[in-house]
Amino acid sequence: MKKTNKAKLHTTDFLDDFLSGISEKEQQETTARMKIAAAIDDAMKARNISKTELAKRTKQNNSVITKWLSGTQNFTTDTLEQIGKVLEINLLHNYDAKSVTMEKKVIRKTQIPVKRSYAAVNINSYKRIAQYSFAY
């Protein structure tokens, strides 16, 4: 009679313990990185671009592409712009930035610090020092 090996049901609190040690902020950051990685992967599949091809087009090593797709990479805006151009997608959100109005402050002439040039001081005022002699 042939004995089959069946996987035993194993329960552990490891995942719960692990997730409880992560702050809300860290979880949000990880989620954002995972969403970017998923968008890159989806665009690669849609355009039939392999990791090797993406590495060539972005002038990166294959290991860098693997990090990008793992969801652990903290992307810079320059990197996202570069990937977006290659994959013809927008990985950066275009926020409707409202114009910022700066408050104008009137400065009186008396508030402006005077820049002094010590080179313009009359050298004759220092001649008195020459009158003193030092005895050792």
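**Exercise 1. The aromatic pair**

Work out how many aromatic pairs this predicted model holds, and whether the rings of Trp-68 and Phe-75 are stacked, tilted or edge-to-face.

*Solution.*
- Start with the count: the structure has 1 aromatic pair.
- Next, recall that two numbers describe such a pair, the distance of the centres and the angle of the planes.
- For Trp-68 and Phe-75, the ring centres lie 6.3 Å apart. The cut-off for pairing is 6.5 Å.
- Now the angle: planes under 30 degrees apart would be stacked, and over 60 edge-to-face. The planes of Trp-68 and Phe-75 sit at 50°, so we call the pair tilted.
- While you're there, check the surroundings: Trp-68 and Phe-75 are both buried.

**Exercise 2. Helix α2 against helix α5**

Find how the axes of α2 and α5 cross, and which residues meet there.

*Solution.*
- The two axes come within 10 Å, crossing at roughly 20°.
- Angles under 35 degrees count as roughly parallel, so α2 runs roughly parallel to α5.
- As for handedness, α2 and α5 make a left-handed crossing.
- On the α2 side you'll find Ile-36, Ile-40, Ala-43 and Met-44, which meet Leu-80, Ile-83 and Leu-87 of α5.
- Sort the residues of this contact by type and you get 7 nonpolar, no polar and no charged.

**Exercise 3. A look at Ala-43**

Decide whether Ala-43 is buried or exposed, and say what it touches beyond its neighbours in sequence.

*Solution.*
- Place the residue: Ala-43 belongs to helix α2, which covers residues 24–46.
- Its relative accessible area is 5%. Buried means under 20%, so Ala-43 counts as buried.
- Skip the neighbours within four places in sequence, and Ala-43 contacts Leu-87 and Ile-89.
- Then look at Glu-88: it is 45 residues away from Ala-43 along the chain, yet their C-alpha atoms are separated by 8.3 Å.

**Exercise 4. Helix α3 against helix α5**

Describe the crossing of α3 and α5, then sort the residues of their contact by type.

*Solution.*
- Get the helices straight: α3 spans residues 51–58, and α5 spans residues 77–87.
- Their axes come within 10 Å and cross at roughly 115°.
- This crossing of α3 and α5 is right-handed.
- From α3, take Leu-54, Arg-57 and Thr-58; they meet Gln-82, Val-86 and Leu-87 in α5.
- The tally for the contact of α3 with α5 is 3 nonpolar, 2 polar and 1 charged.
- Notice Leu-87: it takes part in the contact with α3, and also in the one with α2.

Methods:
Residues are numbered from 1 along each chain as its sequence is written. This is a predicted model: local features need pLDDT of at least 70, side-chain atom pairs count only at pLDDT 80 or more; totals for chains, interfaces and linings use all residues. Side-chain values use heavy atoms; hydrogens and water are left out. Helices (H or I, at least four residues) and strands (E, at least two) are DSSP runs, numbered from the N terminus. Buried means under 20% relative accessible area, exposed over 50%, partly exposed in between (1.4 Å probe, protein chains only). Contact means heavy atoms within 4.5 Å. Axes are lines fitted to C-alpha atoms, for helices over the stretch in contact, and angles run from 0 to 180 degrees between N-to-C directions. A crossing is left-handed if the near helix is turned anticlockwise from the far one by less than a right angle, and right-handed if clockwise. Ala, Val, Leu, Ile, Met, Phe, Trp, Tyr, Cys and Pro count as nonpolar, Asp, Glu, Lys and Arg as charged, and the others, Gly among them, as polar. Rings of Phe, Tyr and Trp (its six-membered ring) pair if their centres lie within 6.5 Å; planes under 30 degrees apart count as stacked, over 60 as edge-to-face and the rest as tilted. Angles under 35 degrees count as roughly parallel, over 145 as roughly antiparallel, 65 to 115 as roughly perpendicular and the rest as oblique.
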